[in-house]
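Let's take a walk through this structure, starting with one bit of vocabulary and then moving from the whole chain down to single residues. Keep the viewer open as you read.

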Amino acid sequence: MTAVAPPASHARTRAHDVRTGLFIGGRWESTDTTFAVLDPATGAEIAEVANGGAADAVRALDAAAAAQDAWRHVPPRTRADLFHRAHRMLVERAEDIAEVMTLESGKPLSEARAEVELSLGFFLWYAEQIAHLHGTYAEGSRGGYRIITTHQPVGPSLLITPWNFPLLMIARKAGAALAAGCTVIVKSAKETPLTCALFVEILQEAGFPDGVVNLVHTTNSPAISSAVMSDPRLRKVSFTGSTAVGSALLAQSAPGVVNASMELGGDGPFLVLDDADLDLAAEQAVICKFRNAGQACVAANRIIVHESVADAFTERFLAATARLTVGNGFDAGTDIGPIISAAQRELVGHLVEELRGADAELLLGGEPVPGDGYFFEPTVFRVDDTTADVTRKELFAPIATIYRASSTEDALRFANDTRYGLASYVFTKDVSRAIAVAERLEFGMVGINRGIMADPAASFGGVKSSGLGREGGHDGIREFLEPQYLALTVDEAAALR
Ligand code: NAD
């Protein structure tokens with residue numbers, strides 16, 4: 001066990017003990033090599049974490065496969081009780097988890113706390129589903145038999161998560177998989193392995209049986225996924241991350257026909273119609289764009305405003321953006337933390353250059369913040385040329401781009417002109433317009449007069465290149481269940497003799 005102590009500049013946070021090993025078959029293990037986890041607010045190393053390889057991943061699959069049969073047969077109420085115990089322990093450790101998350105991801109502590117609350121909401125939602133998974137019963141169409149449909153856990157599942165929501169992504173996946181009766185191998189993101197480890201450790205302490213939850217950290221994700229996905233014992237991959245990696249995983253899942261759920265990239269249009277409440281639209285656009293320093297799949301990627309209100313909206317949006325404070329996530333008053341890594345911050349700089357190259361007008365920011373850590377100014381561009389490549393890219397950065405549309409139809413055309421289809425937003429005071437526009441948006445989710453949508457009771461997910469499947473709501477758990485049809489002969493004549 002390695003103590004993860006916040007750097008001196010975070011003296012107000014207390015030290016946390018987070019296990020840094022792999023967790024396989026109920027045991028924490030060290031490895032020959034380790035990798036460093038950095039605090040993106042300072043660049044300082046905060047922990048050395050075990051670096052797993054293909055052989056470790058296969059051992060994790062051995063453990064998951066060995067535990068699968070017993071786990072699926074744990075009675076629903078017993079499994080739900082275990083979930084509720086884990087949920088209570090997670091609630092007790094909520095502040096610890098939030099602090100570790102801020103330390104390794106850089107996000108403001110207030111955002112980390114909100115993420116923990118939402119994540120635990122998902123976990124509780126799944127706990128509540130466990131005892132309510134009912135099948136169906138029907139008469140066979142030709143008579144003489146009955147159709148009984150039950151749901152069986154799909155089997156050992158590989159869960160791969162990104163760094164931008166270090167707890168939410170894993171709680172949402174593992175909660176659904178475990179509730180459905182699947183055993184799991186969690187592959188953390190190398191930037192944020194500690195939050196994941198803390199989550200797994202709490203599940204272990206709550207009493208999840210050995211082998212049901214396994215955790216592998218690595219700097220070589222392709223080695224892990226290819227070793228495990230070519231093994232016929234693996235029955236499911238659930239991935240959140242970029243579309244490029246998601247496509248590669250889908251190709252890997254093809255030979256063995258491995259069940260796959262994909263939560264991929266987004267290019268969210270944020271439509272402000274000519275009758276919108278501009279104060280509300282600007283306030284929500286700022287949250288939707290700059291939360292987590294813009295590093296969110298559901299971020300407002302293109303703010304598309306009717307030209308008749310564009311100046312008034314832009315004025316409000318700029319004023320609110322200028323009030324945002326960039327700083328260390330542990331400092332009270334910080335709105336925007338650092339970019340996750342030095343490399344990622346460099347990419348943000350390149351995007352600014354690309355936008356300038358497309359003749360976009362820089363209205364605010366545009367520069368990295370000098371000094372320690374990987375900070376970048378909140379940046380706003382007005383973009384008139386909608387043909388440049390950069391206008392079709394997921395920015396994943398604290399860069400807002402504001403476009404003008406000459407009509408609602410024009411706004412919709414540009415909004416849908418993307419390979420992505422995750423989150424979208426529409427602002428209008430007219431409910432009938434909101435519905436008509438929402439139905440024409442080719443996106444899995446539409447926020448109407450709101451810039452934040454995630455909710456445990458809602459089905460979260462995208463269409464087109466943004467993914468396959470849903471997390472949360474009644475659909476989330478189904479991603480880890482396969483229907484099974486039982487045909488039962490009922491000889492009524494004989495039975496009623
Ligand atoms: P990424 O695709 O680079 O990495 C995501 C995860 O996949 C990480 O754990 C990484 O180590 C792993 N990985 C990378 N290559 C792999 C491979 N060949 N095989 C197996 N695993 C591999 O994405 P990122 O940069 O960490 O995250 C940002 C992306 O995630 C953005 O595109 C964002 O939109 C997307 N995202 C989507 C959602 C959603 O719910 N749709 C949520 C959050 C983030």
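Before we start, one cut-off: a residue counts as buried when its relative accessible area is under 20%, as exposed when that area is over 50%, and as partly exposed in between. Arg302, with a relative accessible area of 1%, is therefore buried. We'll come back to that arginine. Bear in mind throughout that you are looking at a predicted model.

First, the overall picture. The chain is built from 15 helices and 22 strands. Along the principal axes, its C-alpha atoms fill a box of roughly 80 × 60 × 40 Å. A compact globule of 497 residues would have a radius of gyration near 23 Å, and the chain comes in at 24 Å, which agrees. Of those 497 residues, 56% count as buried. Now think about contacts between residues with a separation of 6 or more: 72% of them in this chain involve residues 24 or more positions apart.

What about the outside? The chain exposes about 19500 Å², and 52% of that comes from carbon and sulfur atoms. As for charge, there are 43 positive and 62 negative ones, and the mean positions of the two sets are 5 Å apart.

On to the charged pairs. Side chains of opposite charge can pair when their charged atoms come close. The count here is 24 salt bridges, and a few of them are worth a stop.

Back to Arg302, as promised. Its side chain meets that of Asp267 in a salt bridge, at 3.0 Å from N to O. Arg302 sits in strand β15 (residues 300-306), while Asp267 is in the loop between β13 (259-263) and β14 (268-272), so the pair ties together parts that are 35 residues apart in sequence. Is Asp267 buried or exposed? At 1% relative accessibility, Asp267 counts as buried.

Next, look at Arg392 and Asp417, whose side chains form a salt bridge at 2.6 Å, N to O. Here too the pair links distant parts of the chain: Arg392 is in the loop between β17 (379-382) and β18 (399-405), and Asp417 is in the loop between α12 (408-416) and β19 (423-427), 25 residues apart. Arg392 counts as partly exposed at 26% relative accessibility, and Asp417 is also partly exposed, at 33%.

Arg233 and Asp231 make another salt bridge, with their closest N and O atoms 2.9 Å apart. This one has a partner on each side of the cut-off: Arg233 is partly exposed, at a relative accessible area of 32%, whereas Asp231 counts as buried at 15%. And salt bridges don't have to come as simple pairs: Glu29, Asp56 and Arg59 are linked in a network of them.

Now for some backbone details. Which residues other than glycine have a positive phi? Asn292 is one of them, with phi near 55°. You'll find Asn292 in the loop between α9 (278-290) and β15, and it counts as buried at 5% relative accessibility. Phe396 is another, with a positive phi of about 55° although it is not a glycine. Phe396 is in the loop between β17 and β18, the loop that also holds Arg392. With a relative accessible area of 17%, Phe396 is buried.

Let's finish with two residues that show how far apart parts of the chain can be. Glu139 lies in strand β7 (residues 136-139) and is exposed, with a relative accessible area of 54%. Which residues does Glu139 contact, leaving aside neighbours within four places in sequence? They are Tyr145, Arg146 and Ile147. Thr183, in contrast, is 44 residues from Glu139 in sequence and 34 Å away in space, C-alpha to C-alpha.

The other residue is Asp410, in helix α12. Not counting residues up to four places away in sequence, Asp410 touches Arg404 and Ala405. If you want to span the model, try going from Asp410 to Ala57: their C-alpha atoms are separated by 49 Å, and the two residues are 353 residues apart along the chain.

Notes: Residues numbered from 1 in each chain as written. Predicted model: local features only at pLDDT ≥ 70, side-chain atom pairs only at ≥ 80, totals over all residues. Heavy atoms only, no water. Helix = DSSP H or I, 4+ residues; strand = E, 2+ residues; numbered from the N terminus. Rg over C-alpha atoms; globule rule 2.2 N^0.38 Å. Buried < 20%, exposed > 50% of the residue type's maximum accessible area, 1.4 Å probe, protein only. Contact = heavy atoms within 4.5 Å. Areas by Shrake-Rupley, 256 points an atom, 1.4 Å probe, with all protein chains shown as cover. Lys, Arg positive; Asp, Glu negative; His and termini not counted. Charge placed at Lys NZ, Arg CZ, Asp CG, Glu CD. Salt bridge = Lys/Arg side-chain N within 4 Å of Asp/Glu carboxyl O.
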